[in-house]
Amino acid sequence: MPTTMTRRAASDSLARWAIATLREAGAIVACEAHGWIRERGDPHALARALGAARDDPPRGVGSSEAVAAIEDVLGGIGDTCPDCSQPGELEELPRQDLPQIK
Ligand SMILES: [Zn+2]
């Protein structure tokens, strides 16, 4: 349990670093109305963020781990704000595990 919590805390702070780095690079923005972070889809900004992760990872973190953290954050966010999405756009909703019909 303590191990899990420590690892969780470490990955949380790394995730926060990744989000801050992505925001600084301009790769992600927060929706002004709702505060959800969304991807801007700017490849140059993304390259800047990944370059920062490679060249200047946080203290005690390897560059590959920092790059992975950036990619992790990107994998968890979409390019639209869920609250700005129109009802009926179901693509952004998490998939539910439906029982399989055999
Ligand atoms: Zn929004």
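## Close-up views of the protein chain

**View A. Gly-26 and its contacts.** Setting aside neighbours up to four places away in sequence, Gly-26 is in contact with Arg-40, Asp-42 and Ala-45. Like every view here, this one comes from a predicted model. Gly-26 sits in the loop that lies between helix H1 and strand S1, residues 28-30. Is Gly-26 exposed, partly exposed or buried? There are 14 other C-beta atoms within 10 Å of Gly-26, so the residue counts as partly exposed; the partly exposed class falls between the cut-offs of 12 or fewer for exposed and 20 or more for buried. You can also look for Gly-41: Gly-26 and Gly-41 are 15 residues apart in sequence, and their C-alpha atoms are 9.8 Å apart in space.

**View B. The protein chain as a whole.** Before going further in, it helps to step back. The protein chain has 3 helices and 2 strands. Starting at the N terminus, these elements follow one another in the order α-β-β-α-α. The protein chain has 102 residues, and 17% of them count as buried. Taking the contacts between residues at least 6 apart in sequence, 53% join residues at least 24 apart.

**View C. Ala-30 in strand S1.** Here we stop at Ala-30, which belongs to strand S1. Ala-30 has 13 C-beta neighbours inside 10 Å and therefore counts as partly exposed. Which residues does Ala-30 touch, once those up to four places away in sequence are left out? They are Gly-35, Trp-36 and Ile-37. Arg-40 is another residue to find in this view: Ala-30 and Arg-40 are 10 residues apart in sequence, with 9.7 Å from C-alpha to C-alpha.

**View D. Helix H2 against helix H3.** Two packed helices are described by the angle between their axes and the distance between the axes. For helix H2 (residues 43-55) and helix H3 (residues 63-76), the angle is about 150° and the axes are 7 Å apart. How are H2 and H3 oriented, roughly parallel or roughly antiparallel? Angles over 145 degrees count as roughly antiparallel, and H2 and H3 are therefore roughly antiparallel to each other. The crossing of H2 past H3 is right-handed. On the H2 side, Ala-49, Leu-50, Ala-53 and Arg-54 make the contact, and on the H3 side it is Ser-63, Ala-66, Val-67 and Ile-70. Sorted by class, the contact of H2 with H3 has 6 nonpolar residues, 1 polar residue and 1 charged residue.

**View E. The largest nonpolar core.** This core has 15 residues, and those touching the most other members are Ala-18, Leu-22, Ala-27, Ala-49, Ala-69, Ile-70 and Val-73. Helices H1 (2-25), H2 and H3 each supply at least two residues of this core. Which helix gives the most to this core? That is H1, with 5 residues. Ala-18 is a good place to pause: apart from residues up to four places away in sequence, Ala-18 touches Ala-69, Ile-70, Asp-72 and Val-73.

**View F. Gly-75 in helix H3.** Our last stop is Gly-75, a residue of helix H3. Why does Gly-75 count as exposed? Gly-75 has 7 C-beta neighbours inside 10 Å, and a residue is exposed if the number is 12 or fewer. Now look across to Glu-39: Gly-75 and Glu-39 are 36 residues apart in sequence, and their C-alpha atoms are 9.9 Å apart in space.

Methods
Residues are numbered from 1 along each chain as its sequence is written. This is a predicted model: local features need pLDDT of at least 70, side-chain atom pairs count only at pLDDT 80 or more; totals for chains, interfaces and linings use all residues. Helices (H or I, at least four residues) and strands (E, at least two) are DSSP runs, numbered from the N terminus. Two residues are in contact if their C-beta atoms, placed from the backbone, lie within 7 Å. Axes are lines fitted to C-alpha atoms, for helices over the stretch in contact, and angles run from 0 to 180 degrees between N-to-C directions. Angles under 35 degrees count as roughly parallel, over 145 as roughly antiparallel, 65 to 115 as roughly perpendicular and the rest as oblique. A crossing is left-handed if the near helix is turned anticlockwise from the far one by less than a right angle, and right-handed if clockwise. Ala, Val, Leu, Ile, Met, Phe, Trp, Tyr, Cys and Pro count as nonpolar, Asp, Glu, Lys and Arg as charged, and the others, Gly among them, as polar. A nonpolar core is a set of buried Ala, Val, Leu, Ile, Met, Phe, Trp, Tyr and Cys residues joined through C-beta atoms within 7 Å.
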